[in-house]
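Here is a briefing on one protein chain. Look over the sequence and the model first, then read the points below.

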Amino acid sequence: MRTHQTVVHATFNSVPATAINAVEQAVRQLCLRYAERLPFHGWHHVSFVRSKAVGFAEHNGADVSIVETAALVHDVNYLVRRNSPAAEGSGLRMQLLADAKVPLGAAERIDAIIDEAEMANRGPDISLEAQALSDADTLFKALPVTPVVLAHKYLRENGLSLRELANKIVGEQRDVHDEGYYFYNAEAAAEYSRWALANLELWQCIKEAVDDPAVEELLDAVDQVDAAAS
């Protein structure tokens with residue numbers, strides 16, 4: 001697996017701490033207000049990605065203030081439209097950043113980094129800031145607990161079938177993994193690649209299983225039980 005080591009280490013203050021705090025408060029309030037709409041991408045997800053992204057940014061020499069702020073607003077598109085790409089959250093994202101008094105240049109950079117870091121868009125040579133954000137978000141996807149505890153919440157949040165989610169995960173992530181930039185941070189790759197591969201293998205098996213007529217029948221029966229219980 002190809003990994004990306006960096007030798008640049010610098011300190012930045014593109015986004016003032018007061019603005020980061022204001023963004024945090026605004027996003028947390030949105031997550032609480034719309035918790036029913038965000039069972040997967042709620043504050044638990046935002047908080048995890050923020051924490052990990054800051055650590056990756058400190059390690060790779062990225063602008064930590066930009067990465068931290070980007071992590072806070074990277075998934076607001078799910079408040080705009082279910083199952084949407086990051087770009088659909090641009091308007092809301094820029095408004096949140098403006099309200100928090102994030103400098104316009106930094107806000108535009110944050111908006112671009114979020115698009116750059118998205119799994120469906122990213123390539124081997126994205127910016128250091130996008131690498132840090134991407135690694136944190138990717139780690140959340142690769143956690144062994146995610147398919148067990150959270151996958152059904154993703155299905156509900158985005159109105160997807162199990163087949164559609166399996167196709168999405170395998171379609172977006174398999175080539176990225178096989179081409180060697182699933183994680184950009186070398187330490188993250190060393191520590192978490194086994195989890196990532198196991199997760200991809202699981203979803204590949206799910207993708208194959210849902211085409212089995214017996215499994216389709218089983219899933220239909222489960223849906224009927226759930227519908228009768230609701």
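**Overall fold**

The chain has 230 residues and a radius of gyration of 18 Å, which agrees with the value near 17 Å for a compact globule. This is a predicted model. The chain holds 11 helices and zero strands.

**Size and surface**

- The C-alpha trace spans about 55 × 40 × 25 Å along its principal axes.
- Buried residues make up 47% of the 230 in the chain.
- The accessible surface is about 11200 Å². Carbon and sulfur atoms account for 55% of that surface.
- Take the contacts between residues at least 6 apart in sequence: 71% of them join residues at least 24 apart.

**Charges**

- The chain carries 20 positive and 34 negative charges. The mean positions of these two sets are 5 Å apart.
- Side chains of opposite charge can pair when their charged atoms come close.
- The count of salt bridges comes to 13.

**Salt bridge R50–E24**

- The side chains of R50 and E24 form a salt bridge, at 3.3 Å from N to O.
- R50 sits in helix α2 (residues 43-60) and E24 in helix α1, so this pair ties together parts that are 26 residues apart in sequence.
- Both R50 and E24 are buried.

**Salt bridge R93–D111**

- R93 and D111 pair through their side chains, with 2.8 Å from N to O.
- R93 belongs to helix α5 (residues 90-99) and D111 to helix α6 (residues 104-117), so the bridge ties together parts that are 18 residues apart in sequence.
- R93 has a relative accessible area of 0%, so it is buried.
- D111 has 13% relative accessibility, so it also counts as buried.

**Salt bridge K141–D137**

- A salt bridge joins the side chains of K141 and D137, at 3.1 Å from N to O.
- Both residues lie in helix α7 (residues 128-142). They are four residues apart, about one turn of the helix.
- K141 is partly exposed because its relative accessible area is 25%. D137 is buried, with a relative accessible area of 14%.

**A shared network**

- E24, R28, R50 and E68 are joined into one network by salt bridges that share partners.

**Q29 in helix α1**

- Q29 lies in helix α1, which covers residues 17-33.
- The relative accessible area of Q29 is 45%, so this residue is partly exposed.
- How far apart in space are Q29 and S84, C-alpha to C-alpha? The distance is 21 Å, with their positions 55 residues apart in sequence as the separation.

Technical notes. Residues are numbered from 1 along each chain as its sequence is written. This is a predicted model: local features need pLDDT of at least 70, side-chain atom pairs count only at pLDDT 80 or more; totals for chains, interfaces and linings use all residues. Side-chain values use heavy atoms; hydrogens and water are left out. Helices (H or I, at least four residues) and strands (E, at least two) are DSSP runs, numbered from the N terminus. The radius of gyration is taken over C-alpha atoms; the globule rule is 2.2 Å times the number of residues to the power 0.38. Buried means under 20% relative accessible area, exposed over 50%, partly exposed in between (1.4 Å probe, protein chains only). Contact means heavy atoms within 4.5 Å. Accessible areas come from the Shrake-Rupley method with a 1.4 Å probe; for residues, only the protein chains shown count as cover. Lys and Arg count as positive and Asp and Glu as negative; His and the chain ends are not counted. The place of a charge is taken as NZ of Lys, CZ of Arg, CG of Asp or CD of Glu. A salt bridge is a side-chain nitrogen of Lys or Arg within 4 Å of a carboxyl oxygen of Asp or Glu.
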